[in-house]
Amino acid sequence: MLRKLLRVSAPIAVIGLGLGAFTLLHAAKPEPAREDPELRPTTVYTATVDAVDTQLKVETQGEVRARTALEVVAQVGGRITAVSTEFTEGGRFDAGEVLIELEDTDYQLALRQAEAALAETELAVQQALADADVARKQLAATPNPSALALKKPQIVQARARQAAAEAGLERARLDLARTRISLPFAGRVQAKAVDVGQYVNAGTPLGSVFAVDTVEVRLPLTDRQLAALDLPIGYRATPGEGRPVAFSADIAGRLHSWRGRLVRLDAAVDPTTRLVYGMAEVDAPYGEGRSAAGMPLAVGLFVNAEIAGRPLENALRIPAAALRPGNAVYVVNPRDRLEMRSVRVLHQGREHAFIDGGLRAGEAVVTSALENPIEGMALRGEQRPTFAAAGEH
């Protein structure tokens, strides 16, 4: 019996001693040192906030159009006998240069008839004056002779017919002159609608032309851009003056630039777009006003425009890429942590934004994209490399 009891209890005792030893060893084990996980910083490109004195520049776009553009219309009818070689698409002409000639035989005849009619009325006036002189002498002894007896109404009638004949002669001369079609300005031909041998009536369109003395560019401006210009709605520049405007366009793979001036602003806000439109002008766009490479500021060209705005003193300047939606800026603080700040934007251009508050000169702002930004996250700022430096790497 005792042997059987020992056989059963011995394994249990061994297991108990093992569990006890394990418990003692586990309790005596030293605690491992706890270390806080180190935050891994995110690398971003940064730029330094500068305090500068500058002049704002407003950037917008617009289409070039001629200040004077019209459709050439025949004022008299007739068959076209001659067309200038310059009266074709792209042709150029001077003021007073004859572009189209109409057959003038009928108008020459009408002029001769008008001259003959005038001569007849002049003779009638002289006859009426002579008759009146005779009547006055014959009625010298008659008291209170009537105006009819003195031939006065006949003189008035003869002179009225003479005036009508003079007007007819002037009209005949004018119609004859209108058979030679010219314009009072130098310009370019945009479209041609007729040719030699074609018969046209008065009012028939012959083509379209535009003057080349000055072109206009209508420029849309937002409320913020209007504030940067510091000009009132309805502004009009003194003749020959205006805010400088630099125009540019990429034509045939080459960038061209032109100089103009802002001459006026609309007197009302567009009810559809809520924009105010300004009008800029460029003189001699096909002559002295061409680009340095000789490219004219052609009608119909879509151009970028940069208008000189108001000056700023000690304004905070940051790259435009540093400005986030909602006028927010990401700042890398001295502890290399992210701070999200709201700023007041004075003006935003293509390259820079100018800030009135929310930043300090010398601070580092993030210019690169930052996914899932969190206030206080660790950052490592780096200056963006230049093109040459990037190429070396």
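This passage walks through a predicted model of a single chain, from its overall make-up to its sheets, cores and two buried loop residues.

The chain is built from five helices and 22 strands. Of its 393 residues, 35% count as buried. The surface that the chain exposes comes to about 24500 Å², and carbon and sulfur atoms supply 52% of that area. Contacts often link distant parts of the sequence: among those between residues at least 6 apart, 75% join residues at least 24 apart. As for confidence, the mean pLDDT of the chain is 88, and 88% of the residues reach 70 or more. Residues 387-393 call for more caution, as the pLDDT over this stretch is below 50. Beyond near neighbours in sequence, residues 387-393 have one contact in the model.

A good place to begin a tour of the fold is the pair of strands β12 and β13. Strand β12 covers residues 243-251 and strand β13 covers residues 254-265; the two run antiparallel and are joined by nine bridges. Together β12 and β13 make a hairpin, with two residues between the strands. In the turn of this hairpin, A252 has a positive phi of about 55 degrees. Across the pair, F247 has W258 of β13 as its bridge partner. Strand β13 is also joined to β14 (residues 276-283), again in an antiparallel arrangement, here through four bridges. In that second pairing, R261 stands opposite E281 of β14.

The bridge partners F247 and W258 turn up again in the interior. Both are listed, along with L297, L301, V303 and I307, as the residues with the most contacts inside the largest nonpolar core, which has 33 residues. Several elements contribute at least two residues each to this core: β2 (50-66), β11 (214-221), α4 (223-229), β12, β13, β14 and β15 (302-319). The largest share, five residues, comes from β15. Another core lies apart from this one; it has 27 residues, including A74, F185, V189 and V200. In soluble globular proteins, nonpolar side chains tend to be buried together.

Two open sheets of the model can be followed strand by strand. One has four strands in the order β3-β10-β8-β5, with antiparallel pairing. Its edges are taken by β3 (69-73) and β5 (92-93); each has a single partner strand, so one side of each is left without a neighbour in the sheet. Within this sheet, β8 (residues 187-192) and β10 (residues 205-211) run antiparallel and are joined by five bridges. V189, one of the residues of the 27-residue core, stands opposite V209 in β10.

The other open sheet also consists of four strands, here in the order β7-β6-β4-β9, and its pairing is antiparallel. The strands β7 and β9 (199-200) form its edges, each pairing on one side only. Strand β6 (residues 100-102) meets β7 over two bridges in the antiparallel sense. At this pairing, I100 stands opposite I181 in β7.

Just ahead of β7 is a loop residue worth a closer look. T179 is found in the loop between α3 (152-177) and β7 (180-181). Is T179 buried or exposed? Its relative accessible area is 2%, under the 20% cut-off, so T179 counts as buried. Leaving out residues up to four places away in sequence, T179 touches V76, I100, E101, L102, E103, D104 and Y107. I100, one of these, is the residue that stands opposite I181 in β7. A polar atom of the T179 side chain also lies 2.5 Å from the backbone oxygen of L176.

A second buried loop residue brings the account back to the hairpin. S291 is found in the loop between β14 and β15, and its relative accessible area of 7% makes it buried. Not counting neighbours within four places in sequence, S291 is in contact with H256, S257 and W258. With H256 the link includes a polar contact of 3.2 Å between the two side chains. S291 can also be placed relative to F247: the two are 44 residues apart in sequence and 9.8 Å apart in space, C-alpha to C-alpha. W258, which S291 contacts, is the bridge partner of F247.

Notes: Residues numbered from 1 in each chain as written. Predicted model: local features only at pLDDT ≥ 70, side-chain atom pairs only at ≥ 80, totals over all residues. Heavy atoms only, no water. Pairing = 2+ DSSP bridges. Core = buried A, V, L, I, M, F, W, Y, C linked by side-chain atoms within 4.5 Å. Buried < 20%, exposed > 50% of the residue type's maximum accessible area, 1.4 Å probe, protein only. pLDDT = per-residue confidence, 0-100. Contact = heavy atoms within 4.5 Å. Polar contact = N/O pair within 3.5 Å; in protein donor to acceptor, adjacent residues only side chain to side chain. Areas by Shrake-Rupley, 256 points an atom, 1.4 Å probe, with all protein chains shown as cover.
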